Amino acid sequence: MRKKILVTGGAGYIGSHTLVELLFAGNDCIVLDNMSNASSASLKRVQSITKKQIQFMQGDIRDATLLKKLFASQAIEIVLHFAGLKAVGESVAYPLRYYDNNVHGSRVLLQAMADAGIFSFVFSSSATVYGIPDQIPVSEASPVKRPTNPYGRSKLVVEDMLRDLAAADPRWRIAILRYFNPVGAHKSGLIGEDPNGTPNNLLPYIAQVAVGKLPELIVFGNDYATPDGTGIRDYIHVEDLAKGHLSALQALQTLTGAHTWNLGTGKGYSVLEIVRAFEDASGRSIPYRIAPRRSGDIAICYADPSKAENELGWKARRNLSEMMRDTWRWQSMNPNGYVA
């Protein structure tokens, strides 16, 4: 069923890939993005991939006046909320930025939605809300704990706000999607992850080493209780992740209240396994050196994604080699990201 959807942060990495799926499914999409960690080129490339138009408004989710005008002028039915700061290390250094943007910004957005009579909402959350999990794999029934950094804590505060909102007002239909580690890029090579400055995540860092932008990979810790001593994580292809949002939207047609789903593969790979898989996909050697563990990092974390499969009919389809191949295609075609 065709919907008019507001996508906050839609010019970013996950937002742009989800836009592709939304447009191919026949929806009308409006993107709101302040472009602090995104490029307008991504939206042009999404239009090139889909042959469909996107309405774009440059602005901030904390701007209540802008949101009021936007909701008054557009018959928006659903909001997909990707806008937010997401660098763990930066959140430790600048926690107020994260609480202002991620928590306060979400509150302003939700208030504007309620004022406009819009009650369908999909939230981009994170597996960091589980903190240091008691057991692996991590299911939605696992207790959420104090996350190990302000980024994760900001996500958990918004989750709590959404659950409280749904309990207070039965009109709300809310999907909370807890991502594990999104990687990869669109198979066309036209859109992908383009971080500002030095990448914070493993795959873009490896890819920039492969194209010569960075000299070597730094592996933080090789003394964990894992087969090769390096940390194990659940990596999910961004296109699988994007499809998960469509499945959640479909579910919200019949569900009310707030519902939570993990989006992961259910399998973990170590840092060194990822390095070897990327070397196989790219044909490039990835030099690395071992550094001490980072505070807050955990040894192993991967998802139990069975709830999403049972309730949404969604399952991650792409394997590790596809993730690496698509990452390399994007990086090799766009060595400087969206900058020509």
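The following exchange asks how the descriptions of this predicted model are justified.

Me: What is the basis of the numbering and of the values?
Reply: Residues are numbered from 1 along each chain as its sequence is written, and side-chain values use heavy atoms, with hydrogens and water left out. The model is predicted, so local features need pLDDT of at least 70 and side-chain atom pairs count only at pLDDT 80 or more, while totals for chains, interfaces and linings use all residues.

Me: How many helices and strands does the protein have, and what makes a run count as one?
Reply: Helices are DSSP runs of H or I with at least four residues, strands are runs of E with at least two, and both are numbered from the N terminus. The protein has 11 helices and 14 strands.

Me: How do you know whether the radius of gyration agrees with a compact globule?
Reply: The radius is taken over C-alpha atoms, and the globule rule is 2.2 Å times the number of residues to the power 0.38. For 340 residues a compact globule would have a value near 20 Å; the protein has 19 Å, so the two agree. Along its principal axes the C-alpha trace spans about 55 × 45 × 40 Å.

Me: Why is Met35 called buried or exposed, and what about Lys51?
Reply: Buried means under 20% relative accessible area, exposed means over 50%, and partly exposed is in between (1.4 Å probe, protein chains only). Met35 has 18% relative accessibility and therefore counts as buried, whereas Lys51, at 67%, counts as exposed. Over the protein, buried residues make up 56% of the 340 residues.

Me: What is notable about phi in Met35 and Lys51?
Reply: Most residues other than glycine have a negative phi, and most peptide bonds are trans. Phi of Met35 is near 65 degrees, a positive value, and Met35 sits in the loop between β2 (28-33) and α2 (40-50). Phi of Lys51 is near 60 degrees, also positive, and Lys51 lies in the loop between α2 and β3 (55-58).

Me: What makes the peptide bond from Ile136 to Pro137 cis or trans?
Reply: Its omega is near 0 degrees, and the bond is cis. Pro137 belongs to the loop between β5 (120-126) and α6 (150-168).

Me: What makes a set of residues a nonpolar core, and which residues touch the most other members of the largest one?
Reply: A nonpolar core is a set of buried Ala, Val, Leu, Ile, Met, Phe, Trp, Tyr and Cys residues joined through side-chain atoms within 4.5 Å. The largest core has 41 residues, of which Leu19, Leu80 and Leu263 touch the most other members. Helix α1 (residues 13-24) gives the most to this core, with six residues. A second, separate core has 27 residues, including Leu67, Met113, Ile118 and Ile174.

Me: Which residues count as contacts of Leu80?
Reply: Contact means heavy atoms within 4.5 Å. With neighbours within four places in sequence left aside, the partners of Leu80 include Ile5, Leu6, Val7, Thr18, Leu22, Val122 and His245. For the protein, among contacts between residues at least 6 apart in sequence, 80% join residues at least 24 apart.

Me: Why is Trp330 called buried or exposed, and where is it?
Reply: Its relative accessible area is 3%, so Trp330 is buried; the residue lies in helix α11. Beyond its neighbours within four places in sequence, Trp330 contacts Arg45, Ala185, Gly189 and Tyr338, among others. Trp330 and Ser188 are 142 residues apart in sequence and 8.0 Å apart in space, C-alpha to C-alpha.

Me: Why is Ser247 called buried or exposed, and how does Lys315 rate?
Reply: Ser247 has a relative accessible area of 17% and is therefore buried; this residue is in helix α8 (residues 238-251). Leaving aside neighbours within four places in sequence, Ser247 is in contact with Leu312 and Trp314. Lys315, with 43%, is partly exposed and lies in the loop between α10 (306-312) and α11 (320-333).

Me: Where is Pro182, and which residues does it contact?
Reply: Pro182 is in strand β7 (residues 181-183). Setting aside neighbours within four places in sequence, its contacts are Tyr13, Ile14, Glu193, Ile236 and Leu241. Pro182 and Ala242 are 60 residues apart in sequence and 9.8 Å apart in space, C-alpha to C-alpha.
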